[in-house]
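Colleague: Could you take me through how you read a model like this one, feature by feature? I am used to the bench rather than to coordinates, so please give the idea behind each step before the case itself.

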Amino acid sequence: MSKTSILEIKNLVTSFDTENGRIRAVDDVSFNVKKGATLGIVGESGCGKSVTAFSIMRLLPQPSGVIEQGKILFDDMDIVRLPADKMHEIRGNRISIIFQEPMTALNPVYRIGKQLGEVFTLHFPEMTDAEIHSESVNLLHKVGMPEPDKRLTEYPHQISGGMRQRVMISMALACKPDILIADEPTTALDVTIQAQVLELITRLQRETGMSVIFITHDLGVIAEMCDDVVVMYAGKIAEKAPVEELFKNPGHPYTRGLLSSIPRLENPGKIKLSIIKGMVPSLYELPDGCRFQNRCPDAEDICKTRIPEMKKVGDNHFAACHFPGKIPSPAFKPLQANDLKVDPPVNKTRESENFLTVSHLKMHFPIYGGIFRRKVGNVYAVDDVSLTIKSSETVGLVGESGCGKTTLGRTIVRLYKPTDGNIYFGRKNITRLRQKELRDYRRNMQMIFQDPFESLNSRHTVGDILEEPFIIHNVGTPDERKEEVKTLLYKVGLPEHAATRFPHEFSGGQRQRIGIARAIALKPDLIICDEPVSALDVSIQSQILNLLMDLQKEMNLSYLFIAHDLAVVKHISDRIAVMYLGKIVEFTDADTIYKKPLHPYTRALISAIPIPDPCIKGEKQVLTGDVPSPVNPPAGCSFHTRCPVAIDKCRSEQPLLLPVPGTAGTEHLVSCHLV
């Protein structure tokens, strides 16, 4: 084992016994982790990243999971062959892990203090209860948890996602480990909370000198956090290199495909992204030869028959490709300003250019309490929002979780009855329409939901799901509906035989395509896209974004595109509204909001986005704390509790959303006293 390495993986093979036989989830993987350094493991879902981490921790599900062969060398010990009692001394003590979903990893029936204290009880049985409590408070304080004493008495559901992730980090760092494995620790978090967590891990690594294995599919995070990178595909390593070398000179077509499919803030919007066609092959049906050959634009005959070996591309840079470093195909080249530009759609004849107008909309949810269930307060989810969407336009709506974005979208399509304000669809005020009257308008307003699996009926076939809108609105005969279903599947890039299958038989990206097909079935004018790509890998995300832009051009659709990733929103949108705690704080065109953001919250959102280039080290403005509760919003400007430039006026007087002086032509609206 090298003196500079703290962990070395040699020819690791991890398999699972299934009903259809044994499959290899990790197949002949080798890499090493340097002391005090950060190794990134990147790849799409199903590539074996997390299984590699669980193999290192010896946390494979039993009895199905087994390490068939290979070595995991840590401190001159082979972890694979350690007895259970010896592994107990290492797991959590010398090597710790932060799990992907803290709500699942934390026990919902125990308080935070008990779960954090359990780490000390297991590894330091000599500690007293008072010492455990004191050390727990210190740990939570160290990771930036507000009011740590109070948090120890709360349950996981009572704290935010960012706080839960901080608890997980505290538990992982309690024993001052030599290696920290972070398994997608920021995937479900807002970009501002992600920035806080990344800064925290970096600071703690600097203070303790620990090594970090960072698992993610976000190449921006890899560029920002890592010293070395391992790219995995279908259970094997496709490429490994120092981070700057990997981004500057990717040797494997898969790495080039991942890098080229990222929406970048500096690129012009409405440009079709490069995509990696298809999806990661099933471990049950792996192709012969190179596992990437069925998606590779540069594949040749040898790729279909012979498994590629690791070949040297540069210093400490290796790629498992028959033609490493080959001049890339145009399909995987970074896009230029005029490449694949999406032409603006031809507008339909409509009653008004602003065919959707939201005016002073409020959506307050009552809170009932006491034994008589009387109203004791309100959740101010949407609080005086005004915006317009023009014909064939995409308006992006961006902000952190809890800002009211989804509630606004659902109120616009009248899934909720507004507390106050007006929604004009064309010239018709639909705010007070009854359910029977709403039915006709709902044909023209549809919604794509965040989680396609939850929004699709698991007991119905895809054909039944897509036929349902036609049945509800009495459109066509049964034969005509069947033909419409075939047309819809073709439009969203799914095969005709998909109609006979069930939602669980599809991947996440394919299920999202089914959700899109259902939304466009009745040829609507407006679609509310509620976080349609937030749960998808970057390669699948680019496919869905391209599909939405193609459908907009073909069908003259207008979108309200809701997301918390400003890079994605900027890529697809014409104008962007930034939302914070139920209010719009800035609203202008997509290029202006990137080049000249005026509200401190917008600047913080842009600053927090990880840049997918390790050579660019931008100075981050990391917001402290979480979004305040919409039950009891702060007085004055709702952002003043987290604003780095707040003045006394901000704490007492609420700013209005007004045009910025001298920018009348661009319709730049900002709600800030300091503009």
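Colleague: Which residue in β8 is the bridge partner of Thr-38?

Modeller: Strands are read by asking which residues stand opposite each other, and in this predicted model the partner of Thr-38 in β8 is Val-212. That bridge belongs to the pairing of strand β3, residues 38-42, with β8, which runs in the parallel sense over five bridges. Strand β7, residues 179-183, also pairs with β8 in the parallel sense over five bridges, and there Ala-182 stands opposite Phe-214.

Colleague: Which residues of β8 lie on one side and which on the other, and are they buried or exposed?

Modeller: A strand has two faces, and each has to be checked separately. On one side of β8 are Ser-211, Ile-213 and Ile-215, on the other Val-212, Phe-214 and Thr-216, and all of them are buried, so that both faces are covered. Because six of the six residues in 211-216 are buried, β8 is largely enclosed by the rest of the structure.

Colleague: How should I read a single buried residue, and what does Thr-14 touch?

Modeller: Begin with the accessible area and then list the neighbours. Thr-14 has its place in strand β1, residues 5-18, and with a relative accessible area of 0% it is buried. Leaving aside residues up to four places away in sequence, Thr-14 touches Ile-23, Arg-24, Ala-25, Val-26, Val-51, Ser-55, Leu-60, Val-66 and Ile-67.

Colleague: Turning to helices, at what angle do the axes of α17 and α18 cross?

Modeller: For a helix pair one looks at the angle, the handedness and the residues in contact. The axes of α17, residues 508-520, and α18, residues 538-555, come within 10 Å and cross at roughly 15°; angles under 35 degrees count as roughly parallel, and the two helices are therefore roughly parallel to each other. The crossing of α17 past α18 is right-handed.

Colleague: Which residues meet there?

Modeller: From α17 come Gly-509, Gln-512, Arg-513, Ile-516 and Ile-520, and they meet Ile-540, Gln-543, Ile-544, Leu-547, Leu-548, Leu-551 and Met-555 of α18. Sorted by class, this contact has eight nonpolar residues, three polar and one charged.

Colleague: And the backbone: which residues other than glycine have a positive phi?

Modeller: Here one reads the torsion angle together with the surroundings, and two cases can be set side by side. Lys-176, in the loop between α7 (161-173) and β7, has phi near 50° and is exposed, with a relative accessible area of 61%. Ala-234, in the loop between β9 (228-233) and β10 (236-242), has a positive phi of about 50° as well, but Ala-234 is buried, at 0% relative accessible area.

Colleague: Where is Pro-63, and is the peptide bond from Gln-62 cis or trans?

Modeller: For a peptide bond the angle to read is omega. The bond from Gln-62 to Pro-63 is cis, with omega near 5°, and Pro-63 lies in the loop between α1 (49-57) and β4 (65-74).

Colleague: Finally, what separates the C-alpha atoms of Gly-269 and Ser-573?

Modeller: Here the distance in space is set against the separation along the chain. Gly-269 and Ser-573 are 304 residues apart along the chain, while their C-alpha atoms are separated by 7.1 Å. Gly-269 is found in the loop between α11 (253-260) and β11 (310-314), and at 12% relative accessibility Gly-269 counts as buried.

Technical notes. Residues are numbered from 1 along each chain as its sequence is written. This is a predicted model: local features need pLDDT of at least 70, side-chain atom pairs count only at pLDDT 80 or more; totals for chains, interfaces and linings use all residues. Side-chain values use heavy atoms; hydrogens and water are left out. Buried means under 20% relative accessible area, exposed over 50%, partly exposed in between (1.4 Å probe, protein chains only). Helices (H or I, at least four residues) and strands (E, at least two) are DSSP runs, numbered from the N terminus. Two strands pair if DSSP finds at least two bridges between them. Axes are lines fitted to C-alpha atoms, for helices over the stretch in contact, and angles run from 0 to 180 degrees between N-to-C directions. Angles under 35 degrees count as roughly parallel, over 145 as roughly antiparallel, 65 to 115 as roughly perpendicular and the rest as oblique. A crossing is left-handed if the near helix is turned anticlockwise from the far one by less than a right angle, and right-handed if clockwise. Contact means heavy atoms within 4.5 Å. Ala, Val, Leu, Ile, Met, Phe, Trp, Tyr, Cys and Pro count as nonpolar, Asp, Glu, Lys and Arg as charged, and the others, Gly among them, as polar.
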